[in-house]
Structure formats: C-alpha cells, structure tokens
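Let's take a walk through this one together, stopping at a few spots along the chain. Have the viewer open and follow along.

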Amino acid sequence: MLLQLKVGELKKLQDTVNYTQRHDAVTKALNGTAFAAAVEHYMDRRKRIATDAGGVMIAVVIDTLDEISRRYGPQWADTVIQSLASIIQSSVRSGDLVARLASNELGVFLPGASIENAQDVGTRIRQRVTAASFTAGEMPLSIGVRLGGAVFEGATDFNHIRQLADEMAMERGGDADEPIPISRLPAA
C-alpha cells in the first residue's frame, strides 16, 4: 500500500514536471518549443494521412509591453501578458493552440482553419482586448496589439509559418478597423 502511494506521488510529480517543461510560467500557455513541436506534429500527421486540412497561425504582437515594463515594472508587464493570454484562450476554438513565443508575442495555431475562421478568431481577440481595461495600480494602461496571420496548405515548416505571420502583424496588423492581414504561405 505504501508503494502504491509513492507511485501515485511520483506520477503527480512527473505530470508537474512535464507541464512545467511545456508551458510558460507567466501565461500558463504553451511555450515556444512545445508550440513549435505541436504544429510540426500536426503537419507531419497531415502528410501521413494525406489530408488537405491545412491551418492558420496568428501572431499577436503586443507593441506596448516593453514600455509598460520600463514605466511600471516587469510585474505589470507580466500581468498584462497573462491577461492577454487568457483573453486569447477564451477567443479561440476548441482544439486551437495558444503559446507565448517571445517576451511580447503570443501565437495562435488554428488547425484545419480557413481564412474566414481565422478572421473570426482575430476579430474576437481584438474585440475582447479592446473591451478589457488594463491598469497599473490606478493608472490606465494603453495596450497596443498587432495581429497577422499565415495560412498554409502544403509542406512547410514552423519557422516559415511564424515568420510570415510576424511579418503580416508588423507590416499592417495594427489597425483594429481592418481585417486581420493573412497571407498564404507559398507552396514548397
């Protein structure tokens, strides 16, 4: 009986270690390494079963995060990115993945999504970020968020998808009144 108890404790400890290795400590979303592995696994599986499901990756870049960190302290920047990750996780479909890819960037992977699905998700994210109020103590914070996406159908790798999504976000993804800029990844 004591042995069964210890095995149960070891399993819980192993589960905690596995979770910690795959998730960002601040946002509780996937970390970049686990996110990339999940996207690559999805693409490999698509090749094996010969499906044309494709997918879309959306990059969410927080323009004002470094400014918030410098002005109010890193704890406020962590609070903002944590809140944004929660907003994004509540805006995606079941089965979609959310990850922290950089200090000021979150990624969303929409397996099997069309451009229209991605536009819907991006619009929900923008609306919920706009509706949320962010403060540092009693000081209101202005949150600048850029969204851009990359759709893929053929063989590719995670880095190409991420680079294109980032480019779309940085080039023209900050206007909340415009559709999310989404570009099709050229076939390899």
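V17 is partly exposed, because its relative accessible area of 36% falls between the 20% cut-off for buried and the 50% cut-off for exposed. Keep in mind as you look that this is a predicted model. V17 sits in helix α1, which covers residues 2–22. On the surface, V17 joins L10 and L13 in a nonpolar patch, and together the three offer about 280 Å² of accessible area.

Stay on helix α1 for a moment, since there is a salt bridge to look at there. The side chains of K6 and E9 meet, with 3.7 Å from N to O. Both residues belong to α1 and are three residues apart, about one turn of the helix. Neither partner is hidden away: E9 is partly exposed at 42% relative accessible area, and K6 is also partly exposed, at 43%.

Move on past the end of that helix and you come to K28, in the loop between α1 and β1 (30–31). What is the sign of phi at K28? Phi is positive, near 65°, and K28 is not a glycine. That's worth a second look, because most residues other than glycine have a negative phi. As for its surroundings, K28 counts as partly exposed, with 45% relative accessible area.

Next, some helix packing. Two packed helices are described by the angle between their axes and the distance between the axes. For α3 (residues 65–72) and α4 (residues 74–91), the axes come within 6 Å and cross at roughly 145°. On the α3 side the contact uses L65, I68, S69 and Y72, while α4 brings P74, Q75, W76, A77, V80 and I81. What kinds of residues make up this contact between α3 and α4? Eight are nonpolar, two are polar and none is charged.

Now for the other salt bridges. The whole structure holds eight of them, including the K6 and E9 pair we've already met. Another joins the side chains of R162 and E105, at 3.1 Å from N to O. R162 is in helix α6 (residues 158–172) and E105 is in strand β4 (residues 105–111), so this pair ties together parts of the chain that are 57 residues apart in sequence. Are the two partners buried or exposed? R162 is partly exposed at 23% relative accessibility, whereas E105 is buried at 6%.

A further long-range pair is R184 with E153, whose side chains meet at 2.8 Å, N to O. Here R184 comes from strand β8 (residues 182–184) and E153 from the loop between β7 (145–152) and α6, with their positions 31 residues apart in sequence. Both are partly exposed: R184 has a relative accessible area of 45%, and E153 stands at 47%. Elsewhere, salt bridges with shared partners join E105, R162 and D166 into one network.

Last stop: Q119, which you'll find in helix α5 (residues 115–131). Why does Q119 count as buried? Its relative accessible area is 17%, and the cut-off for buried is under 20%. Leaving aside residues up to four places away in sequence, Q119 touches P179, I180 and I182.

Terms used. Residues numbered from 1 in each chain as written. Predicted model: local features only at pLDDT ≥ 70, side-chain atom pairs only at ≥ 80, totals over all residues. Heavy atoms only, no water. Patch = residues over 30% accessible without salt bridge, like charges linked within 9 Å, V, L, I, M, F, W, Y side chains within 5 Å. Areas by Shrake-Rupley, 256 points an atom, 1.4 Å probe, with all protein chains shown as cover. Salt bridge = Lys/Arg side-chain N within 4 Å of Asp/Glu carboxyl O. Helix = DSSP H or I, 4+ residues; strand = E, 2+ residues; numbered from the N terminus. Buried < 20%, exposed > 50% of the residue type's maximum accessible area, 1.4 Å probe, protein only. Axes fitted to C-alpha atoms, helices over the stretch in contact; angles between N-to-C directions. Contact = heavy atoms within 4.5 Å. Nonpolar A, V, L, I, M, F, W, Y, C, P; charged D, E, K, R; others polar.
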